[in-house]
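Trainee: I should like a close look at one part of this structure, beginning with a single side chain and working outwards to its surroundings. Please keep the account connected.

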Amino acid sequence: MTDSNTRAAVITMLDARLADSIDLALITKQAHWTVKGPQFIAIHEMLDALRGAVDAYVDTLAERVSTLGGTPHGTVQAVAQRTGLPPYPTDISAIPDHLRALVSRVAAASEAMRRDIDSAANAGDAATADVFTEVTRGLDKWRWFLESHLQG
Ligand SMILES: [Fe+2]
């Protein structure tokens with residue numbers, strides 16, 4: 001297990017990425033509930049699969065915080081204060097509008113996660129860097145899925 005300075009540093013990173021990820025989980029359902037358009041069922045169902053994947057990332061990040069002796073902040077109040085994602089619009093319904101809104105937020109979450117891969121590795125915690133790598137790889141895949149519906 002890592003030393004206490006390293007633990008404190010990576011707990012802060014993990015908790016920040018946890019806030020982004022819970023935000024992403026919430027807005028995925030917002031889109032799932034409000035999207036409208038000709039490919040409704042495909043998008044509606046894809047967003048449920050995205051939510052399932054993001055819920056798994058959330059659990060991995062929060063449990064890594066607890067594993068290191070920290071406290072994950074998963075309440076809606078804490079997430080509202082800590083998320084790095086821009087507020088999700090509640091006045092959109094068209095499929096391309098939701099897809100673009102989701103792509104930008106998945107990208108923001110993914111880029112912050114990617115930066116913390118190196119930050120965790122530099123702090124001396126390769127195992128946490130591996131968690132960030134796994135989640136970043138997943139978010140990259142979902143960005144591709146979302147963007148593919150905007151092309152052609
Ligand atoms: Fe549903």
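**From one threonine outwards**

Mentor: T28 is buried, its relative accessible area being 0%. Please bear in mind throughout that the model is predicted. T28 belongs to helix α1, and its side chain comes to 2.7 Å from the backbone oxygen of L24. Leaving aside residues up to four places away in sequence, T28 touches L47, L50, R51 and L102. T28 counts as buried because its relative accessible area of 0% falls under the 20% limit for that class.

Two of the neighbouring positions lead to salt bridges. R51, one of the residues that T28 touches, forms a salt bridge with D55, in which the closest N and O atoms are 3.0 Å apart. These two residues are about one helical turn from each other, because they lie four residues apart in helix α2. D55 is partly exposed, at 35% relative accessibility.

The second position is K29, whose side chain meets that of D48 in a salt bridge with an N to O distance of 2.7 Å. This pair joins distant parts of the chain, since K29 is in helix α1 and D48 in helix α2, with their positions 19 residues apart in the numbering. The two partners belong to opposite sides of the burial limit: K29 is buried, with a relative accessible area of 19%, whereas D48, at 33%, is partly exposed. The value for K29 is 19%, so K29 falls under the 20% limit.

The whole structure contains 10 salt bridges according to the search. Apart from the pairs already described, R17, D20 and D116 are linked in a network of such bridges.

Helices α1 and α2 also bear on α5. The buried residues of α5 are covered by elements that include α1 (4-34), α2 (40-67) and α4 (95-123). Helix α5 spans residues 126-148, 23 residues in number, and reaches 33 Å from its first C-alpha to its last, close to the expected 33 Å. At its start, a side-chain oxygen of D125 comes to within 3.1 Å of the backbone nitrogen of A127. Its buried residues are T128, A129, V131, F132, V135, T136, G138, L139, W142 and L146.

Towards the other end of α5 there is a group of aromatic residues and charges. W142, W144 and F145 form one aromatic cluster, and W142 is among the buried residues of the helix. The search of the whole structure finds two aromatic pairs. One of them is W144 with F145, an edge-to-face arrangement with 5.2 Å between the centres and 70° between the planes. W144 is exposed, at 54% relative accessible area, while F145 is partly exposed, at 28%. The ring of F145 also has the charged end of K141 over it, 5.2 Å from the ring centre.

A salt bridge in α5 completes this view: E147 pairs with R143, the closest N and O atoms being 3.3 Å apart. Both lie in α5, four residues apart, about one turn of the helix. E147, at 27% relative accessibility, is partly exposed, and R143 is likewise partly exposed, at 29%.

Methods: Residues are numbered from 1 along each chain as its sequence is written. This is a predicted model: local features need pLDDT of at least 70, side-chain atom pairs count only at pLDDT 80 or more; totals for chains, interfaces and linings use all residues. Side-chain values use heavy atoms; hydrogens and water are left out. The expected span of a helix is 1.5 Å times one less than its number of residues. Buried means under 20% relative accessible area, exposed over 50%, partly exposed in between (1.4 Å probe, protein chains only). Contact means heavy atoms within 4.5 Å. A polar contact is a pair of N or O atoms within 3.5 Å; within protein, one must be able to donate a hydrogen and the other to accept it, and residues adjacent in sequence count only if both atoms are side-chain atoms. Rings of Phe, Tyr and Trp (its six-membered ring) pair if their centres lie within 6.5 Å; planes under 30 degrees apart count as stacked, over 60 as edge-to-face and the rest as tilted. A charge sits over a ring if NZ of Lys or CZ of Arg is within 6 Å of the ring centre and within 35 degrees of the ring normal. A salt bridge is a side-chain nitrogen of Lys or Arg within 4 Å of a carboxyl oxygen of Asp or Glu.
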